[in-house]
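I opened this notebook to keep track of what I looked up, one topic at a time. The entries follow the order in which I went through the structure.

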Amino acid sequence: MAENQSEQGRLAELRQTGECIGKLAKDEGAFTRTVEAFRAQNAEQFQGELSRVGILNCCALICKWLCCKECVRICRRLCGDGPKEPPSIAEMLDFAKVTEHLVADEALLKRFAQAVEQGDAAAFKSLISETKWERFCHQLCHFLCCERCGRACKQLCPGIPRITQVGLIVVSQIDAQGRAAGQSLPPGPTPFDDKVPPYPPHGYLGDHPFGGLTNIKGSFNVPNPLKYKVETAPTPLGPWSPILQPITDYNGCKGGPFVTYNRVPDALGWYNVSDMGCLGPDYLTDWPTPPDRNKLYYLRLTVHNAAGDFASPLVPARVDNGQPTKPVISLALQTPDGKRRKLGCCETVEQGDGNLVVITLQAQDENFSRIDVSLLGGCGASYAIVDTSGTPLSKAYLGNTADTGYPAPTEFLWDPWSAKISPCCYLIDVRIYDRVVANDYWGGGSANENWQSITIA
């Protein structure tokens, strides 16, 4: 199975390379300029040409393809036509020893690398003759050329712009529905998820939406960035709206005077990279999340340099700035014959042969975390309420994002006398919490509360 998956991955990369290089080849001018930029090691021009053709995401694959072609060209020039037969294991073993000897001699290694770098056939042949490594000419050339390719592609394709954190949560911890798992980076504001049974009584396990003022961090990954913007949209296709939040930054981290100032984007949302101070090069902006209740948004970072604009992959982020619904509570007394009488506030219920209290609850939130149902009163007493079947009225979502609490009126039968509740006046207190990380911090989520009084005789 693993071998099959590896083979499928290899074929997929080959297909993607072929599709990308084919698309580039359709524009002869862009193809020529891309090769020239590759040979000149001009990262800005190289990425710019790929971006204009719409294949910047193929940067590393295009670079690898060009490297292979260049190494064939260079090694033919330095060593002539290659051997027609594959090397034997014995020859490979001998070449491994030659490689070890070469890298141990820094001066010799530098001379060989320079000859390959400059395509200097005379210098390379002289070195081969000097070391008596004629039979390894092609192997040495390709070894050195491939190492050169690796360095070149790291410079030409450092990556594409990326949003790295939302609300101090690393993007890899945000699922496709825009809900985040803890912990935050740096640790502290949002803790680790409690995903291992037995689940804790507080009931929060992650799956956090975002609310309040949410920090956005990222990396540019393009040469000589000049400006950037962060945009939001309700769908992956837009419409896109720039974040226009001023950022309070400061100087003084390099020994100068401590001075605060505002980084303010222009009307289109572009911040100047040159304005970035001691907050760090990854502190992009703060997002005043919209006043929505459980709505999915998408974020993207666009970076501009002299070659053009470069956009990041999209990052989903669910916004929840709504409060859970106010709990609705109603009480009734059920007699042994099944008849019920509605109970108003402060009504007294007396123990009878089979009398039960009917508690009806309704409280919900799309990002529900937990509902606490407690009996409060007497002389500082507090009791958990459990129905006649042994089910606690308090509940937590326990990782089930489809659980929204008690969205419809839900009845419970309660026998306070068998629970040995002391006769007194009480409040049945209901509190519901959601899972939102607000202002980059998990503080137990937003909450709502309601109660009803009852006297137990």
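I began with Pro-239, which I found in the loop between β5 (227–233) and β6 (241–242). This is a predicted model, and in it the peptide bond that leads from Gly-238 to Pro-239 is cis, with an omega near 0°.

I then looked up another cis peptide bond, the one that joins Leu-185 and Pro-186, where omega is about 5°. Pro-186 also sits in a loop, and I placed that loop between β2 (169–170) and β3 (210–211).

My next entry concerns backbone angles. I noted that Asn-224 has a positive phi, near 50°, although Asn-224 is a residue other than glycine. Asn-224 belongs to the loop between β4 (213–219) and β5. Is Asn-224 buried or exposed? With a relative accessibility of 52%, Asn-224 counts as exposed, because the cut-off for that word is over 50%.

Lys-132 went into the same entry, since its phi is positive too, at about 60°, and Lys-132 is not a glycine either. I located Lys-132 in the loop between α7 (121–131) and α8 (137–156), and I wrote down a relative accessible area of 67%, which makes Lys-132 exposed.

After the loops I turned to the interior. Which residues have the most contacts inside the largest nonpolar core? That core has 75 residues, and the ones I was looking for are Phe-46, Ile-62, Phe-112, Phe-124 and Leu-140. Helix α4 (residues 59–79) supplies the largest share of this core, namely 10 residues. I followed Ile-62 further and, leaving aside its neighbours within four places in sequence, I listed its contacts as Cys-20, Ile-21, Leu-24, Phe-46, Leu-50 and Ile-55. I also recorded a second core, separate from the largest one, which has 28 residues, among them Leu-205, Val-349, Ala-363 and Tyr-397.

My last entry is about the chain as a whole. I counted 8 helices and 24 strands in the protein chain, and I noted that buried residues make up 44% of its 457 residues. The radius of gyration is 33 Å, whereas a compact globule of 457 residues would have one near 23 Å. Along the principal axes, the C-alpha trace spans about 110 × 55 × 45 Å. Finally, I looked at contacts between residues at least 6 apart in sequence, and of these 71% join residues at least 24 apart.

Methods
Residues numbered from 1 in each chain as written. Predicted model: local features only at pLDDT ≥ 70, side-chain atom pairs only at ≥ 80, totals over all residues. Heavy atoms only, no water. Core = buried A, V, L, I, M, F, W, Y, C linked by side-chain atoms within 4.5 Å. Buried < 20%, exposed > 50% of the residue type's maximum accessible area, 1.4 Å probe, protein only. Helix = DSSP H or I, 4+ residues; strand = E, 2+ residues; numbered from the N terminus. Contact = heavy atoms within 4.5 Å. Rg over C-alpha atoms; globule rule 2.2 N^0.38 Å.
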